[in-house]
Amino acid sequence: ANMRKIALEKASACVEKSTSHGASVESQLAEAERAAEAATKLAEESRIKAESLSKESSEKKETVDTAELEARVDTLKVEKEKALLALEAAKAAQEKAEAEVSDYKKRLANNQEILEKAKKDSAEAVDREAKDKRLRVSAFLAHCKAVELKGHAEDAKKEASEAVAHAAAKTAAERHAKDYLDKRIRVQPIHIPLEQATLLHSCKFRYWEKSLALPFWHMHSISELAMLDMTSRGGLETRQWKDFNSNYISRVFPTKTPRDENSSYLNPVLPWSLGCQMVSMNCMERNDSTLLNDGRFRENGSCGYVLKTVQSDDAAPSQKTLDDSCPGDEVHTPDYAREIKMKVLGGCNLPKPAGVPIESINLCVFVTLFEGEIDQKTKRKPQTHATSSVRGNTFNPVWDKHQVAQFEVERSSTAMMLFQVWNLSDTAQDSLIAAAAVPVSCLREGYRSVQLFDLDHTRRGAYSCASLLVHVHGRYLLSRTEL
């Protein structure tokens, strides 16, 4: 529309210019016609004058000089020729002016047609713009209406979902109530003395003062998240839980929704260090937690039970080594802090990773100390030592004997030492070859052979002779652990 408006303005200016130029040409044509009329009149007057002079000359032939008359006649002829030339020039100018006028009239008619067409196009453009504006307004109103209807539809859908959820919850509650009534009908009363002698009554934890006043056949089931919250507060609450575990039974189970992706598996060392008798494990995958659990119960031949350690409050011992106490009474040894120095010297008959060429094998041993409550209290990660890597040898790899792993153990009764042999790949993902978990209370000084297990905690096939050769040196520290 703006371009048509501009074209209309330009056409109007061109028409005005053509009109003014046509008026100028018409004035020139009128001037030329006047000049032609004056030349014609002059020629006529010259002719009449010439005739009168010729007549006079014929009457006065005898008296007038012929030469003078001839000169005069020649002059008149010259003037006549000039007048005729002026007349012809005037006629030519008139014809040229008439042609220009005709041309400009045609241009004017053309410009007028263009002007009329531009006016018509401009009017149509204005109409179209008005129509488009009306359509845009209608579309905007329709969009607003659609948004409003969509909001109403979403509200209705939300209300319907809430109604369905409420109905489902109501149905589930009715079903649970019916199941509970059916169970109540099927439950037979148990003789009270028999119940007190054979059953453990599970009750919900409120606070430790109330729990410590319960009968001895009561027990608590505490989630991993609640355990981490209580141990993070530490102090009196942790001490009361340990006192409760000395006379009662408590069990810990994994939380359905862990705090982060790294805590999706319950580490059993922490509840063991608190004195919990039962720890539920998630055995869906092979990880450090299942390795630690397997190593703890291998202490007693993997029969499923291990004698609970006793934490003593005796005075601090003198300087002595790990072997100064009787191995059979190790579980009853005071829980003093220890310093353990360990060297990983070599391996024997380590299984070759499947699908990996022998020249691409890169073996490294990781030794990790798990202390449970101490790690949680100090907010530190488990202490880890990594050996140097050995390439292309799984039969009898030898590591640097000058690399010494030094660990400070606060509570050796529940601490666990985890040995893992990894294949470090330069291109693919690192893979765990074999592992073994050993309770710190079972460590002995000197050169020791650590039997390795597969990911299913067995020593079948290629794992039947797999082992690590380590050197262990340890001593009790003079300062005992603060309880």
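In the predicted model, strand 5 (residues 338-348) and strand 13 (residues 467-476) are paired in the antiparallel sense through 10 bridges. Within this pairing, arginine 338 has tyrosine 476 of strand 13 as its bridge partner. Strand 5 is also joined to strand 9 (residues 405-409), again in an antiparallel arrangement, by 5 bridges. Here isoleucine 340 stands opposite phenylalanine 407 of strand 9. Strand 5 is mostly covered, with 8 of its 11 residues buried.

The largest nonpolar core comprises 33 residues, among which Met342, Met417, Phe419 and Leu468 touch the most other members. At least two residues of this core are supplied by each of strand 5, strand 6 (362-370), strand 9, strand 10 (416-423), strand 11 (431-439) and strand 13. A second core, separate from this one, contains 24 residues, including Phe244, Val269, Met281 and Met416. In soluble globular proteins, nonpolar side chains tend to be buried together. The surroundings of methionine 417 were examined beyond four places in sequence: the residue touches Met342, Val367, Thr368, Leu369 and Phe407, and additionally Ala436, Ala437, Val438, Val440 and Leu443.

Two buried polar or charged residues were considered next. Arginine 296 is located in helix 8 (residues 288-298). Because its relative accessible area is 7%, under the 20% limit, arginine 296 is classed as buried. With residues up to four places away in sequence left aside, the contacts of arginine 296 are Trp272, Val306, Ser413, Thr414, Ala415, Met416, Pro439 and Ser441. One of these contacts, Met416, is included in the second core.

Asparagine 245 is found in helix 6, which spans residues 236-245. Its relative accessible area is 2%, and asparagine 245 is therefore buried. Excluding residues up to four places away in sequence, asparagine 245 touches Ser250, Leu274, Gly275, Cys276, Gln277 and Lys308. For the pair formed by asparagine 245 and glutamine 277, a sequence separation of 32 residues corresponds to a C-alpha to C-alpha distance of 7.7 Å.

Exposed positions were examined in the two N-terminal helices of the numbering, helix 1 (residues 2-59) and helix 2 (residues 66-186). Glutamate 16 lies in helix 1 and counts as exposed because its relative accessibility is 58%, the cut-off for this class being over 50%. The C-alpha atom of glutamate 16 is separated by 9.5 Å from that of asparagine 111, a residue 95 positions away along the chain. Phenylalanine 140, in helix 2, has a relative accessible area of 54% and is therefore exposed as well. Together with Val137 and Leu141, Phe140 forms a nonpolar patch on the surface, with about 310 Å² of accessible area for the three residues together.

At the level of the whole chain, 9 helices and 13 strands are present. Of the 483 residues, 33% count as buried. The exposed area of the chain is about 30500 Å², of which carbon and sulfur atoms supply 55%. Among contacts with a separation of 6 or more, 70% involve residues 24 or more positions apart.

Conventions:
Residues numbered from 1 in each chain as written. Predicted model: local features only at pLDDT ≥ 70, side-chain atom pairs only at ≥ 80, totals over all residues. Heavy atoms only, no water. Patch = residues over 30% accessible without salt bridge, like charges linked within 9 Å, V, L, I, M, F, W, Y side chains within 5 Å. Areas by Shrake-Rupley, 256 points an atom, 1.4 Å probe, with all protein chains shown as cover. Salt bridge = Lys/Arg side-chain N within 4 Å of Asp/Glu carboxyl O. Helix = DSSP H or I, 4+ residues; strand = E, 2+ residues; numbered from the N terminus. Buried < 20%, exposed > 50% of the residue type's maximum accessible area, 1.4 Å probe, protein only. Contact = heavy atoms within 4.5 Å. Pairing = 2+ DSSP bridges. Core = buried A, V, L, I, M, F, W, Y, C linked by side-chain atoms within 4.5 Å.
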